[in-house]
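Open the model in your viewer and keep the selection box handy. We will go from stop to stop, and at each one you will hear what to pick and what is there.

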Amino acid sequence: MKEPLPQTSRRDFLRLAAVSGAVLATPSAFAAGMQQDLRGTIDAVQYKTMPNAGDRKSVSLQKMIDQAAAENVPVFLPPGTYKVSNLVLPENTRITGVPGASRIVYTGDGHLFSSENVKRIELSNIVIDGQNRWLGDYAGALLQFTGVAEVMIDNCEIGGSRKHGVQLERCGGRIARSRISGAGQSGIYAVESDRLSLEGNEVFDCGNGGILLHRWKKGADNSVVNGNRIYRIKANDGGTGQNGNGINIFRADNVMVANNHISDCAFTAIRANSASDIQITGNQCHRSGETAIYVEFEFEGAIVSNNIVNGAANGISIANFDKGGRLASVTGNVVRNLTTKGPYKPDVGFGIGIAAEADTLISGNIIEGAPRWGMQLGWGPYLRNLVVTGNIIRKAPIGCAVSVAEGAGTAVITDNVFQETPDGAVLGFEWDKKASGELALTGSSSYPHLTIERNRTS
């Protein structure tokens with residue numbers, strides 16, 4: 001006995017007929033592949049919002065978005081160029097298109113996309129071109145979302161913004177598999193996030209930053225930055241680290257930065273400022289203009305592990321114990337091919353492999369080609385509870401510079417290998433001035449705050 005056919009309402013039939021008609025209006029090859037996927041959508045052909053229709057398109061597309069959101073169905077943009085501006089995305093907006101072929105072009109006079117205090121917004125498979133046109137003073141980015149619980153951007157191309165490419169404030173959600181380029185400021189600027197995921201994106205050729213996760217006040221952010229490719233990030237607005245960073249975490253706690261490929265940043269590949277309980281692991285950092293990986297200022301708790309740094313002014317820095325920066329594990333990293341040249345005149349100098357100050361384990365790292373010091377342990381009195389063991393340091397004038405200034409705390413330096421360190425394997429420094437001879441040999445230390453044993457030099 002045959003099962004009865006499912007019942008279809010007249011409204012469902014009319015909607016399906018309209019969508020099917022839109023499919024038939026597109027090229028046959030495209031229609032064949034998309035016909036089944038378009039059921040229950042509202043599309044630009046159906047709503048008479050044809051590509052290249054002029055200024056009327058903003059009004060038509062806004063009406064289409066509003067209707068689709070009210071009916072809780074997606075908006076589909078067939079291939080073409082849609083010249084629009086000043087679109088406001090309501091609750092349950094879902095806009096999708098044909099990857100690389102459905103283009104939304106900003107015409108100026110304010111902003112392109114904005115949304116505020118809604119639960120969910122989705123954009124997928126579309127190209128968004130800002131054309132470097134003027135943005136209103138109220139607009140921080142080409143795409144600006146505030147108080148959106150879930151922003152979902154997938155497989156999009158976003159380019160040509162005079163300010164940030166995407167700005168999220170008090171948002172959660174995910175930006176994935178997207179290309180963001182040519183932003184005058186940063187590619188993605190997210191502030192006060194709530195469990196935001198940034199995964200598998202390509203961010204490049206931006207004026208002041210790649211991916212920025214910031215908070216107005218220090219607190220839990222719980223975001224993940226994973227598997228992104230970030231390159232050619234400038235610092236057009238200058239400074240000593242505010243700009244020019246591939247990934248910048250500021251006051252955002254509980255963040256994971258993993259498995260990213262970052263190259264050719266004017267300053268830092270990964271910079272964590274006042275970010276506690278941060279994990280920086282498995283990243284590739286190439287040709288950084290300043291310190292490749294920076295954990296600084298008011299933080300407690302950091303893991304920096306299994307990263308590759310190839311080309312930078314400094315390799316890895318765990319700094320600012322004077323501001324409360326402490327408690328880190330730096331293990332399994334490879335740091336090489338550093339330079340003494342940087343974007344400004346530093347207090348200590350560039351060309352240092354790994355630097356740390358307080359309550360930090362430094363173990364199992366390989367440093368090769370640090371033209372100043374392989375390691376810097378402490379700075380003046382800012383030294384406490386460092387354990388430095390099982391590292392290999394090669395081709396550095398001084399293998400390890402450890403603070404012996406008045407007030408410096410405990411450091412344990414054991415079982416390391418120093419090779420080709422012609423000016424000394426382990427030397428004491430008072431600030432930046434050499435204060436001792438070779439300390440690497442067992443029993444040679446005359447400083448009670450230091451334990452230096454079982455190191456090998458050649």
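Start by selecting Asn201, which sits in the loop between β17 (196-199) and β18 (202-206); helices (H or I, at least four residues) and strands (E, at least two) are DSSP runs, numbered from the N terminus. Before going further, note that this is a predicted model, where local features need pLDDT of at least 70 and side-chain atom pairs count only at pLDDT 80 or more, while totals for chains, interfaces and linings use all residues. Residues are numbered from 1 along each chain as its sequence is written, and side-chain values use heavy atoms, with hydrogens and water left out.

Is Asn201 buried or exposed? At 2% relative accessibility, Asn201 counts as buried; the scale is buried under 20% relative accessible area, exposed over 50%, and partly exposed in between (1.4 Å probe, protein chains only). Now show the surroundings of Asn201: not counting residues up to four places away in sequence, Asn201 touches Ile175, Ala176, Arg177, Ser178, Gly227, Asn228 and Arg229. Contact here means heavy atoms within 4.5 Å.

**The whole chain**

Zoom out for a moment. The secondary structure of the protein comes to three helices and 46 strands. Of its 458 residues, 55% count as buried. Among contacts between residues at least 6 apart in sequence, 61% join residues at least 24 apart.

**Gln144**

Next, pick Gln144 in strand β10 (residues 141-146). Gln144 is buried, with a relative accessible area of 17%. Add Leu168 and draw a C-alpha to C-alpha distance: Gln144 and Leu168 are 6.1 Å apart in space and 24 residues apart in sequence. Leaving out residues up to four places away in sequence, Gln144 touches Phe113, Ser114, Ser115, Tyr138, Ala139 and Gln167.

**The nonpolar cores**

In soluble globular proteins, nonpolar side chains tend to be buried together. A nonpolar core is a set of buried Ala, Val, Leu, Ile, Met, Phe, Trp, Tyr and Cys residues joined through side-chain atoms within 4.5 Å. Select Phe113, Leu123, Leu143, Phe145, Ile153, Ile249 and Val426: of the 103 residues in the largest nonpolar core, these touch the most other members. Helix α3 (residues 56-71) gives the most to this core, with four residues. Another core, of nine residues, lies apart from it and includes Val348, Trp373, Trp379 and Leu427.

Which residues does Leu123 contact, leaving aside its neighbours within four places in sequence? They are Leu89, Ile95, Phe113, Leu143, Phe145, Met152, Ile153, Asp154 and Cys156.

**Parallel strands**

Switch to the cartoon and colour strand β8 (residues 120-124) and strand β11 (residues 150-154): they run parallel, joined by five bridges. Two strands pair if DSSP finds at least two bridges between them. Glu122 stands opposite Met152 in β11. β11 also pairs in the parallel sense with strand β14 (residues 173-176), over four bridges, and there Val151 stands opposite Gly173.

**Salt bridges**

Bring the charged side chains back as sticks. A salt bridge is a side-chain nitrogen of Lys or Arg within 4 Å of a carboxyl oxygen of Asp or Glu, and by this rule the count comes to 21.

- Select Glu368 and Arg394, which form a salt bridge with their closest N and O atoms 2.2 Å apart. Glu368 lies in strand β36 (residues 366-368) and Arg394 in strand β39 (residues 392-394), so the pair ties together parts that are 26 residues apart in sequence.
- Keep Arg394 and add Glu420: the two form a salt bridge, with the closest N and O atoms 3.3 Å apart. Glu420 is in the loop between β42 (417-419) and β43 (426-430) and is partly exposed, with a relative accessible area of 42%.
- Move to Asp415 and Arg454, whose side chains meet in a salt bridge (2.9 Å, N to O). Asp415 counts as partly exposed at 33% relative accessibility, and so does Arg454 at 49%.
- Finish with Arg94, Arg120, Glu122 and Glu150, joined into one network by salt bridges that share partners.
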